[in-house]
Amino acid sequence: RSALMQNRHMAALQMFNEMHQDFPRDTRVAMGRALALQKVGQHEQALDAYEDILANDPKNLEALTNMLGILKVQNPSLALEKLTELRAAYPYNPDIAAQLGVAHAGLQSYAEALKFFDIADALRPGNGYVLFNRAVTMDRMGHEEQAASLYRVILRMAAEGALKEPVPLDAV
């Protein structure tokens with residue numbers, strides 16, 4: 001998990017693959033492996049890994065949310081539909097709200113995206129992932145000053161070690 005947090009995704013994948021061989025039923029190892037697969041861009045394998053997790057634990061919210069994160073690239077309208085269903089079942093989950101924001105932004109529904117980023121931020125203030133996606137959305141809307149302000153907040157948080165979520169600082 002430390003390797004994932006440090007954006008050393010290939011190293012994390014190698015470690016999780018090794019652990020998965022020894023502990024194939026450990027959900028924590030399976031989730032780490034699935035997330036590492038997703039981070040290195042092996043989306044089909046990541047989807048399979050998430051499906052394996054959900055076969056054993058159909059209500060695993062992290063697996064569902066991450067799986068839908070991949071689907072929103074492959075089939076945005078299906079992902080939006082499934083995320084909306086998840087949001088109805090888990091209205092106080094900030095990760096689902098953030099994913100809904102990203103899904104709406106991907107469909108260029110920027111006002112809706114910002115609404116869900118606001119919800120996610122209210123549920124878990126100061127989340128770097130939410131701040132980054134809000135900044136990108138503002139950028140796409142042509143609100144450069146607001147986006148630049150958010151980018152500066154993210155960079156300050158990174159310099160202070162306050163970012164708990166992986167954020168693509170190179171993109172910032």
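User: What makes Tyr151 and Val167 count as contacts of phenylalanine 132?

Analyst: In this predicted model, phenylalanine 132 is in contact with Tyr151, Ile154, Val167, Pro168, Ala171 and Val172, once its neighbours within four places in sequence are left aside. Contact means heavy atoms within 4.5 Å, so each of these residues has heavy atoms within that distance of phenylalanine 132.

User: Which residues touch the most other members of the largest nonpolar core?

Analyst: They are Phe117, Phe132, Tyr151 and Ile154, in a core of 22 residues. Two or more residues each come from helix H7 (94-106), helix H8 (110-123), helix H9 (128-140) and helix H10 (144-159). H9 gives the most, with six residues. Apart from this core lies another, of 21 residues, including Val29, Met31, Ala34 and Leu37.

User: Why is such a set called a nonpolar core?

Analyst: The name applies because its members are buried residues of listed types, joined through side-chain atoms within 4.5 Å. Phe117, Phe132, Tyr151 and Ile154 belong to such a set, and therefore each of them is buried, with under 20% relative accessible area. In soluble globular proteins, nonpolar side chains tend to be buried together.

User: Why is methionine 19 called partly exposed?

Analyst: Its relative accessible area is 33%. Buried would require under 20% and exposed over 50%, so methionine 19 falls in between. This residue is found in helix H2 (residues 9-22). Together with Met15 and Phe23, Met19 makes a nonpolar surface patch of about 280 Å². A patch residue needs over 30% relative accessible area, and therefore the 33% of methionine 19 meets that condition.

User: How do you know that leucine 123 is partly exposed, and what does leucine 123 touch?

Analyst: Leucine 123 has 32% relative accessibility, which lies between the limits of 20% and 50%, so the term partly exposed applies. The place of leucine 123 is in helix H8. Beyond residues up to four places away in sequence, leucine 123 touches Pro91, Tyr92, Asn93 and Pro94. Leucine 123 and proline 91 are 32 residues apart in sequence, while their C-alpha atoms are 9.9 Å apart in space.

User: What is notable about the phi of asparagine 7 and of glutamine 108?

Analyst: Asparagine 7 has a phi near 60°, a positive value in a residue other than glycine. Glutamine 108 likewise has a positive phi of about 60° although it is not a glycine. Most residues other than glycine have a negative phi. Asparagine 7 lies in the loop between helix H1 (2-5) and H2, and glutamine 108 in the loop between H7 and H8.

User: Why is glutamine 108 called exposed, whereas asparagine 7 is called partly exposed?

Analyst: The relative accessible area of glutamine 108 is 61%, which is over 50%, so glutamine 108 is exposed. Asparagine 7 has 41%, between 20% and 50%, and is therefore partly exposed.

User: How do you know that the radius of gyration of the protein chain agrees with a compact globule?

Analyst: With 172 residues, a compact globule would have a radius near 16 Å; the protein chain has 16 Å, so the two agree. Along its principal axes, the C-alpha trace spans about 50 × 35 × 25 Å. Of the 172 residues, 43% count as buried. The protein chain exposes about 9600 Å², of which carbon and sulfur atoms supply 52%.

User: How many helices and strands are there in the protein chain?

Analyst: There are 10 helices and zero strands.

Technical notes. Residues numbered from 1 in each chain as written. Predicted model: local features only at pLDDT ≥ 70, side-chain atom pairs only at ≥ 80, totals over all residues. Heavy atoms only, no water. Buried < 20%, exposed > 50% of the residue type's maximum accessible area, 1.4 Å probe, protein only. Helix = DSSP H or I, 4+ residues; strand = E, 2+ residues; numbered from the N terminus. Patch = residues over 30% accessible without salt bridge, like charges linked within 9 Å, V, L, I, M, F, W, Y side chains within 5 Å. Areas by Shrake-Rupley, 256 points an atom, 1.4 Å probe, with all protein chains shown as cover. Salt bridge = Lys/Arg side-chain N within 4 Å of Asp/Glu carboxyl O. Rg over C-alpha atoms; globule rule 2.2 N^0.38 Å.
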